[in-house]
Amino acid sequence: MLTGFFSLLLLSCLASPALASDKFCPQRETILAFSDIVLADWATFAPSAPYRYGAEAAYLKIRYTPLPDEQIPVLLANLLQQNKYASVDDLAGAWYLHHFGYKAIQVSAGPKFDQTFSGIGISGIRALLLQEGGEDVLMKHFAATPFMPLNDSGQAFTVEGGIVAAAIADQPDEFKERVVQAAEAHGLNDIANSVSASETDPLAWHRFMARGGAKDNLDKLTYYANFAGAMVGHPRVKAAKTLKEERLQRIMAGAAFEPQESFLQHMRAVDREDEIAARVAERLVLSMLDKGVVRRSGTMDAAWLFEYRAAVALSGRSAIETTFDSRPYDGNRYVRTSGVFTVRNVIDRLLAVEALQPYLTGEADTIPPKPEDLSNKIDWPRWTEMATKVRDGAVSPTLAADLETFGIVTELLLAKGDQEALRAFVQQAPSGEARLSVANDFAMRLDRACAAYLYHPGEAFTLNRRPIFKFDTP
């Protein structure tokens, strides 16, 4: 029996939101300008540079610019030569597989064909599976060369079954069932287990288990199946033994609806029994299904503020702030000016931007009072001072010299929607990791307001801020 919560999730059928088919949106010029900054700046760093930059910028450049086919391999080759970030390999693999097809690569590589899939990532897995016969090629490869987990945590979406299931989360059940059958045929029960659990038909996993191919380590299979099922809104594959197990499944299903980065993972630190996090998850999903302010393909801003306010309403501001004051934030956002950056710092910035946006855009004539929920960690007078400069078009390039001010001004320019001023301010800022970080972050945020190429269903739950590069979407 499905509970009301999971029934609602099942009705959503993991349908991807309609994406903009026209990539020539108002944000396009800024996305490309910031991608160019990232590609130029990271190459100037010493070998100890932050290698995490480059892949997303190159992907956005490929998707938003009609680059000639001969230029893309050059772009990818330059990245591969200078960047050790695993996502660069994944990007290159996905593009080559999508553009040429595995059959052409097979002819070109000859006896070394199987070696070309060594270290294949989530994007390459998707690109291969979407081709006719790709499921058999991939499973044959994994049967001969087992997939290396992303880390030694054992978490569901760091191992082959979870990664394959996440890669094709948006595909129909008929497609997933072909992957399940190919995995079973090659003895890859971990993959068959997770992919069957990720079908929208809740009985698909039970049919897989009834076929008898997976008899070993039932607890492990059930554990991974619960995660894969949560990705598409299913309850646990077997009845929960405790209320906390039931709540965890609700939290995971809710996290699959969150855009970009998960707030719910931080909520679990509020109480040991997961009651508050489960209730916040339910409120989020109900709001999204009711077409509220949170979009699955949008940025995390609206989701985090909605969830934060729901948490405060349920648990009280004191309990939430105590938890978030000490909860580290290691996501992709914001210029860091100290060694300690917490979830509370993120909430403060989101609240400040939300409060000041009407003033920035001219909808309000006066600066608003300091929001009640804003902590003393944020310099509200400086934010309001910069807001006046941004509103009046009086932003000077010299403001970028101070890291904190640079971070404030860029957030406010983005909130104002002044694309030209935002581009100019970042382009004129001193070269360094702060500029690199902002350009990379804002290019990805602006993509969400345009074609949302970097969006993927279930991303906050399954990808853990890792990108998936899709060339099959409009």
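In the predicted model, the charged end of arginine 336 is placed over the ring of phenylalanine 341, at 4.5 Å from the centre of that ring. A comparable arrangement involves arginine 349, which lies over the face of tyrosine 334 at 5.9 Å from the ring centre. The two rings concerned, Phe341 and Tyr334, belong to one aromatic cluster, whose other members are Phe263, Trp304, Phe324 and Tyr329.

One member of this cluster, Phe324, is also among the buried residues of helix H18, which spans residues 317–325; the others are Ile320 and Thr323. These buried residues cover an arc of only 90° around the axis, and they are therefore on the same side of H18. The other side of H18 carries Ser318 and Thr322, both of which are exposed. Packing of the buried residues of H18 involves three helices, namely H15 (264–267), H17 (301–315) and H19 (343–361). Two of the cluster residues considered above can thus be followed into this region: Trp304 and Phe324 are both part of the aromatic cluster, and Phe324 is a buried residue of H18.

Aromatic pairing was also examined. With ring centres required to lie within 6.5 Å, the count comes to 19 aromatic pairs. One of them is formed by phenylalanine 142 and phenylalanine 147, whose rings are arranged edge-to-face, with 5.7 Å from centre to centre and 80° between the planes. Phenylalanine 142 and phenylalanine 147 are both buried.

Methods. Residues numbered from 1 in each chain as written. Predicted model: local features only at pLDDT ≥ 70, side-chain atom pairs only at ≥ 80, totals over all residues. Heavy atoms only, no water. Buried < 20%, exposed > 50% of the residue type's maximum accessible area, 1.4 Å probe, protein only. Helix = DSSP H or I, 4+ residues; strand = E, 2+ residues; numbered from the N terminus. Arc of directions from axis to C-beta. Contact = heavy atoms within 4.5 Å. Phe/Tyr/Trp six-rings, centres within 6.5 Å; stacked < 30°, edge-to-face > 60°. Lys NZ or Arg CZ within 6 Å of the ring centre and 35° of its normal.
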